[in-house]
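These are my notebook entries on one chain. I record what I looked up and the criterion applied in each case.

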Amino acid sequence: MNLIMKGFIIGIAKIIPGVSGSLVALNLGLYEKGIKAISSFFKDVKNNIIFLSNVGIGIMLAIIFGSKILSFILNKYYFITMIIFIGLLIGSNISFLKNTKSKKQLIITIITFIIMFSLFFIKNNNNYIYQNNLSNNLYVILLGFIDAATMIIPAISGTVIFMLLGSYEFFLSIFSNIFSNITIIILFSIGLFIGVILISKLMNNLLENKKNIIYPIINGFFLSSILFLTIETYKNTNTIQIIISIPILFIFTKIGSLCNK
């Protein structure tokens with residue numbers, strides 16, 4: 001039940017625009033274990049199946065049931081809901097940010113932050129339109145691979161990346177009508193499967209051998225994402241909303257930090 005509940009929280013995070021499910025998994029203490037379970041699956045098949053299936057059940061339950069509820073809440077109470085999520089994210093990452101101790105790690109975090117934050121403002125006004133040919137089919141496989149990367153690498157939002165590529169509406173459309181898009185979904189799933197295997201192995205290797213470098217990079221990803229999310233949330237707000245949001249942000253930042261202990 002503990003793994004299912006944590007999986008549910010990760011699933012909710014994945015469907016929130018701009019939030020990284022893998023970053024939440026990192027804060028819940030499941031990330032490194034999950035990476036090892038995928039990358040070294042056949043070393044302990046029984047325990048890895050138990051772990052991944054329980055977390056997977058929670059994630060699927062969140063996507064199936066939570067998406068409709070979350071969509072309703074965001075449509076009705078977008079500003080306050082996003083402030084609560086931002087507070088929880090900041091609070092749950094305070095202790096993780098303290099891992100950046102040396103000057104070298106700080107420089108890596110700053111460089112990563114600048115690069116990622118700059119990318120958020122690259123606008124692609126041309127929406128991708130699929131055509132059934134070799135190049136487009138390969139591109140769909142690439143999109144699956146990219147989705148796997150954004151799921152596994154903490155603090156990178158797949159929603160934001162697909163928006164930058166002009167492929168977000170295409171991504172939503174293929175899953176809104178599954179039966180008429182079977183071929184595209186199969187191609188997407190191939191890229192997703194390849195990405196999960198390869199990137200899990202890469203991240204497992206980096207966490208085992210380069211943790212002092214990979215954590216500052218993750219911090220840079222997180223700081224750029226949270227700043228972009230905050231800017232987007234406070235856009236078009238008035239003074240009263242800003243004043244009301246301050247104590248809410250403070251309270252849920254505190255809750256987030258307590259939940260991470």
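**Entry 1: helix H1.** I compared the length of helix H1 (residues 2–15) with its expected span: at 1.5 Å a residue its 14 residues should span 20 Å, and the end C-alpha atoms are 21 Å apart, which agrees. The expected span is 1.5 Å times one less than the number of residues. Helices here are DSSP runs of H or I with at least four residues, strands are runs of E with at least two, and both are numbered from the N terminus. I then listed the buried residues of H1 and found Ile4, Gly7, Ile10, Gly11, Ile12 and Ala13. Buried means under 20% relative accessible area, exposed over 50%, and partly exposed in between, with a 1.4 Å probe and protein chains only. I noted beside this that an α-helix has 3.6 residues a turn, so residues three or four places apart point the same way.

**Entry 2: the model.** I record that this is a predicted model, in which local features need pLDDT of at least 70 and side-chain atom pairs count only at pLDDT 80 or more, while totals for chains, interfaces and linings use all residues. Residues are numbered from 1 along each chain as its sequence is written, and side-chain values use heavy atoms, with hydrogens and water left out.

**Entry 3: the whole chain.** I counted 11 helices and 0 strands. Of the 261 residues, 42% count as buried. Among contacts (heavy atoms within 4.5 Å) with a separation of 6 or more, 77% are between residues 24 or more positions apart. The chain exposes about 14,500 Å², and carbon and sulfur atoms supply 71% of that area. Accessible areas come from the Shrake-Rupley method with a 1.4 Å probe; for residues, only the protein chains shown count as cover.

**Entry 4: aromatic pairs.** How many aromatic pairs does the structure hold? I found 6. Rings of Phe, Tyr and Trp (its six-membered ring) pair if their centres lie within 6.5 Å; planes under 30 degrees apart count as stacked, over 60 as edge-to-face and the rest as tilted. The rings of Phe41 and Phe42 have centres 5.2 Å apart and planes at 90°, so this pair is edge-to-face. Phe41 is partly exposed at 24% relative accessibility, and Phe42 is exposed at 75%. The rings of Tyr130 and Phe170 have centres 6.2 Å apart and planes at 20°, so this pair is stacked. The pair links distant parts of the chain, 40 residues apart: Tyr130 lies in the loop between helix H5 (103–119) and helix H6 (134–152), Phe170 in helix H8 (residues 168–176). Phe170 is buried, with 8% relative accessibility. I also noted a cluster in which ring pairs link Tyr128, Tyr130, Tyr139 and Phe170.

**Entry 5: Tyr139.** I followed one member of that cluster further. Tyr139 lies in helix H6 and is partly exposed at 21% relative accessibility. Beyond its neighbours within four places in sequence, Tyr139 contacts Tyr128, Leu165 and Ser167. The C-alpha atoms of Tyr139 and Phe188 are 8.9 Å apart, with their positions 49 residues apart along the chain.

**Entry 6: Gly34 and Val196.** Gly34 belongs to helix H3 (residues 31–39) and is buried at 12% relative accessible area. Not counting residues up to four places away, Gly34 touches Phe51 and Leu52. Its C-alpha lies 8.8 Å from that of Ser200, although the two are 166 residues apart in sequence. Val196 lies in helix H9. With neighbours within four places set aside, Val196 contacts Ile38, Ala148, Met151 and Ile152.

**Entry 7: Thr233 and the salt bridge.** Thr233 is in helix H10 (residues 211–234) and is buried at 2% relative accessible area. Leaving aside neighbours within four places, I found Thr233 in contact with Tyr78, Phe79, Met82, Ile83 and Ile86. A salt bridge is a side-chain nitrogen of Lys or Arg within 4 Å of a carboxyl oxygen of Asp or Glu, and by this rule I counted 1. The side chains of Lys235 and Glu232 form it, at 3.2 Å from N to O. Lys235 is partly exposed at 45%, and Glu232 is partly exposed at 28%.
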